[in-house]
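Me: I'm new to this one and I'd like to know what lies behind the labels people put on it. Can we go through them one by one?

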2 protein chains.
Amino acid sequence: MEKTKIILEEEEMPTSWYNVLPDLPLPLPPALHPATGKPVTPADLAPIFPMGLIEQEMSHQHYIEIPEEVQSIYRMWRPTPLHRAYRLEKALDTPAKIFYKYEGVSPAGSHKPNTAIAQAYYNKKEGIKRMATETGAGQWGSALAMGCNFFGIECKVYMVKVSYFQKPYRRILMETWGAKCVPSPSEDTQSGRNILAQDPDCPGSLGIAISEAVEDAVNRDDTKYSLGSVLNHVLLHQTIVGQEAKKQLEKADSFPDMIVGCIGGGSNFAGVFLPFIPDKLKGRKLRIICVEPEACPTVTKGPYTYDHGDVAGLTPLLKMYTLGHTFVPPPVHAGGLRYHGMAPIVSHLANLGVIEAVALPQTPVFEAAVRFARAEGIVPAPEPAHAIKVVIDEALACRESGEKKTILLALSGHGHFDLAAYDAYLGGKLEDYAYPQEKVAEALAQLPKL
Amino acid sequence: MEKTKIILEEEEMPTSWYNVLPDLPLPLPPALHPATGKPVTPADLAPIFPMGLIEQEMSHQHYIEIPEEVQSIYRMWRPTPLHRAYRLEKALDTPAKIFYKYEGVSPAGSHKPNTAIAQAYYNKKEGIKRMATETGAGQWGSALAMGCNFFGIECKVYMVKVSYFQKPYRRILMETWGAKCVPSPSEDTQSGRNILAQDPDCPGSLGIAISEAVEDAVNRDDTKYSLGSVLNHVLLHQTIVGQEAKKQLEKADSFPDMIVGCIGGGSNFAGVFLPFIPDKLKGRKLRIICVEPEACPTVTKGPYTYDHGDVAGLTPLLKMYTLGHTFVPPPVHAGGLRYHGMAPIVSHLANLGVIEAVALPQTPVFEAAVRFARAEGIVPAPEPAHAIKVVIDEALACRESGEKKTILLALSGHGHFDLAAYDAYLGGKLEDYAYPQEKVAEALAQLPKL
């Protein structure tokens, strides 16, 4: 009998982040300055990010050492366990081997602290006193609140309004770690006030909240902005997850036939699959399946083009799959997947056909989540529940075909702060949202002209 | 540098529970039949418990093997980590070494599944189809919901009303694992209806909820009762925690000068300290400090006498510290500590002077909890936060005296479902409750006459 959990000792924790940029088969299209349309330079980004992170954003080093101060905080919960889903396999009567890499053991309950700690460290190193950010479901905001707290940095979080009210516990968690959290759109920024003037009941979106946080940082000398996903340096910091998972699978004499994860901005899943990209590029057989909500199907339905990361158009233009930066997704419970765009690295790999994507409505996703919770105990967050649905379907397909596939699931966090969504599902009150084709068409009509 | 977390491999997980009964310096006073006043026999307990657990309740074997089916579920999250609180030590500038054994990594978020899984197993083995129980803060109810789910047993939970409304997420968690949960006092039992007739706004208590669950089990052939604390077999199942902690401390070449934990019914803390009792009885210097709320100071203020475990007087008489079985404690946020009695084993050891107890008001407890969360990341449940306050005070005393004491903290669970309490504390709205002397005197006047 193989183990239920494959664990690593602290000494086995990776000491570098893996940078995929030099390994890409074609170079990543650069970010462009929104005013000039020319590739952004480090100097362009300096008003909002510290230089340490800007260097990482553009680095072509294969591995970047994790500072000891960051490692020592990682060690409070890392390496995280790799579970073998024996009970789920049995419940599905499948010959497939299902492993899940579980990031819910972090104090914030998700993978987000991997970059929050790193970002707070590099800001602290350059003397920054205050950080501003946005958050969807609140996972990122709580992670940055914790990261800032460890380094004595003040933290202001703009939280997407629909989630702020659906998930009050996330707000309290941020406050417990000393951060200030406001619902977005807020009265605290010009971007927020403009939107509230047009639509006082606007449920908010990640794009709007990003505009608010960027504006906050640009307008204050003591403040830098922090993004919890999308950018290269964020994905970089998350690669500790995939590197660990790879080591753990090696200990179980396994290599995945497929890796499945959810994508909102793309960082959680990229953190898991990027360390496997060199294997795939060398010809190793491996499917990498990204799962997104049908209500916000960026990679499955959007064009691959240059767009802003935020609603107000303050960020650089990124080459990515996008539903248009003015698109406000329906209020699905997976708040972390309500983003109009996608990480340029994830978009590039999808465009090259190295990775694939599917989109799902939320009811079957919650059905899969409850099935998982009843088999494995852990109650997953709504975001990775999207990936669970695909894993269950693939495992059932193996039952039909008799194939003993090895599946790696990126289980990015627990659902302890998302139980209102489970309540809705169990009470038969969960609403599904069709693909909002017309709203997307409107938003795409407003793509920036190059 | 020593490790941040001392972990054990699955193979190092203890395979037996430790039974303190044969090691006690004086025998434990027996439980008495409420009608006859004579020691209860296995046959007396058979209507409410399966025989496997009744045997354990009275066993004088030193070690009882953990069934493989139970071990295989334990391995989903066990062995749990032992953390070294480096960041807290630094924040306190103390020479003390603080370790904490963290049970919050279980899917239910506390130590409670250790006995829930075992109890569900022994019930299943004897063909039981349905289990009924009570819960305070909801930690026990959610653990039993999960345990029953794994073994295909129906689960009904009577949840103390004040917690049911303060902590809706715990109810949803139980439902996600397939259990049915009602606020207690409820209309579903005669005990509940009697209390509601007298006081429709009764906030409930563990004693009342126990009466309801016991009545439910007695009245249905397919149903047995399950208790989440107090009884010998429950403490037995929790000893896996202390046995792991002892192994982990040995790996760090350490032995505690003091062990600190919170006590409600006593099982979490007994699970940690019982495996250290033989060392203490052999003369090893070791303080064992139990921490309880000032609003419900069972061991520090109650008499050591025979009393019922529940309000309606349905349970056997247990020799224990008690505030009277009709006492309804004030609605402090640490719902798991709102119990009028105390485990007979814990009471006996306190009466013998082997362990000691202190009582604390909740405001300084939450202050300590926030301090802990900001140092160590983990947001503790309000119950173990009581122990954290004592650990911090002891560590500060070490700073004064220069002593390098080794402190072991029993961190029984996280506070993810208790954030409303943190909200109240951070918003300056937390109420303290003085020792309710008159209500206790009234309840003590109703102690059963022997």
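What follows is a chat about the chain contacts, the sheets and a few backbone details of this predicted model.

Me: Let's start with the salt bridges. What makes Lys3(B) and Glu11(A) a salt bridge?

Reply: The side chains of Lys3(B) and Glu11(A) meet with N to O at 3.2 Å. The cut-off is a Lys or Arg side-chain nitrogen within 4 Å of a carboxyl oxygen of Asp or Glu, so a lysine and a glutamate at 3.2 Å qualify.

Me: Why does the pair of Glu11(A) and Lys3(B) join two chains?

Reply: Glu11(A) sits in the loop between β1 and β2 (16-18) of chain A, while Lys3(B) sits in the segment before β1 (5-6) of chain B, so the pair links two chains.

Me: How many salt bridges are there between chain A and chain B, and how many over all chains?

Reply: There are 8 between chain A and chain B. Searching the whole structure turns up 42 over all chains.

Me: What other polar links are there between chain A and chain B?

Reply: The count is 27 residue pairs in polar contact, both residues of each pair being at pLDDT 80 or more. On the side of chain A that touches chain B, α6 (139-151), α8 (168-176), α16 (362-376) and α18 (419-426) each supply at least two residues. The one that gives the most is α8(A), with 7 residues. By kind, the residues on that side of chain A divide into 24 nonpolar, 9 polar and 15 charged.

Me: How many residues are in contact, and how much area is buried between the chains?

Reply: 48 residues of chain A are in contact with 48 residues of chain B. The cut-off for contact is heavy atoms within 4.5 Å. The buried area between chain A and chain B is about 4100 Å², and carbon and sulfur atoms give 55% of that. Met76(A), Tyr169(A) and Thr176(A) supply 16% of what chain A buries against chain B, more than any other three residues.

Me: How do you know that the two copies are related as by a two-fold rotation axis?

Reply: Take chain A, turn it by 180 degrees and shift it 0.0 Å along the axis, and it can be laid on chain B with an RMSD of 0.0 Å. The copies are therefore related as by a two-fold rotation axis. The same surface serves both copies, too: 100% of the contact residues of chain A recur in chain B.

Me: On to the sheets. What makes β1 and β14 of chain A edge strands?

Reply: The sheet in chain A is an open one of 7 strands, in the order β1-β4-β5-β15-β10-β11-β14, with mixed pairing. β1 (5-6) and β14 (356-360) of chain A each pair on one side only, and that is what being an edge strand comes down to here.

Me: How do you know that β10 and β11 of chain A pair?

Reply: At least two bridges are needed for a pair of strands to count. β10 (residues 258-262) and β11 (residues 287-293) of chain A have 5 bridges, in the parallel sense. To find a spot along that pairing, look for Gly261(A), which stands opposite Cys290(A) in β11(A).

Me: And which strands run antiparallel in chain B?

Reply: One such pair is β4(B) and β5(B), joined by 3 bridges. His83(B) has Tyr100(B) in β5(B) as its bridge partner.

Me: Now the backbone. Where are there cis peptide bonds in chain B?

Reply: One joins Arg78(B) and Pro79(B), with omega about -15 degrees. Pro79(B) lies in the loop between α3 (68-74) and β4 (82-84) of chain B. Another joins Ser184(B) and Pro185(B), with omega about 5 degrees. You'll find Pro185(B) in the loop between β8 (180-184) and α9 (190-198) of chain B.

Me: What is there to note about the phi of Asp93(B)?

Reply: Asp93(B) has a positive phi of about 50 degrees although it isn't a glycine. Asp93(B) also belongs to a loop, the one between α4 (86-92) and β5 (97-102) of chain B.

Notes. Residues numbered from 1 in each chain as written. Chains lettered and ligands numbered in written order. Predicted model: local features only at pLDDT ≥ 70, side-chain atom pairs only at ≥ 80, totals over all residues. Heavy atoms only, no water. Buried area = accessible area lost by both parts, 1.4 Å probe. Polar contact = N/O pair within 3.5 Å; in protein donor to acceptor, adjacent residues only side chain to side chain. Helix = DSSP H or I, 4+ residues; strand = E, 2+ residues; numbered from the N terminus. Nonpolar A, V, L, I, M, F, W, Y, C, P; charged D, E, K, R; others polar. Least-squares fit on C-alpha atoms with pLDDT ≥ 70 in both.
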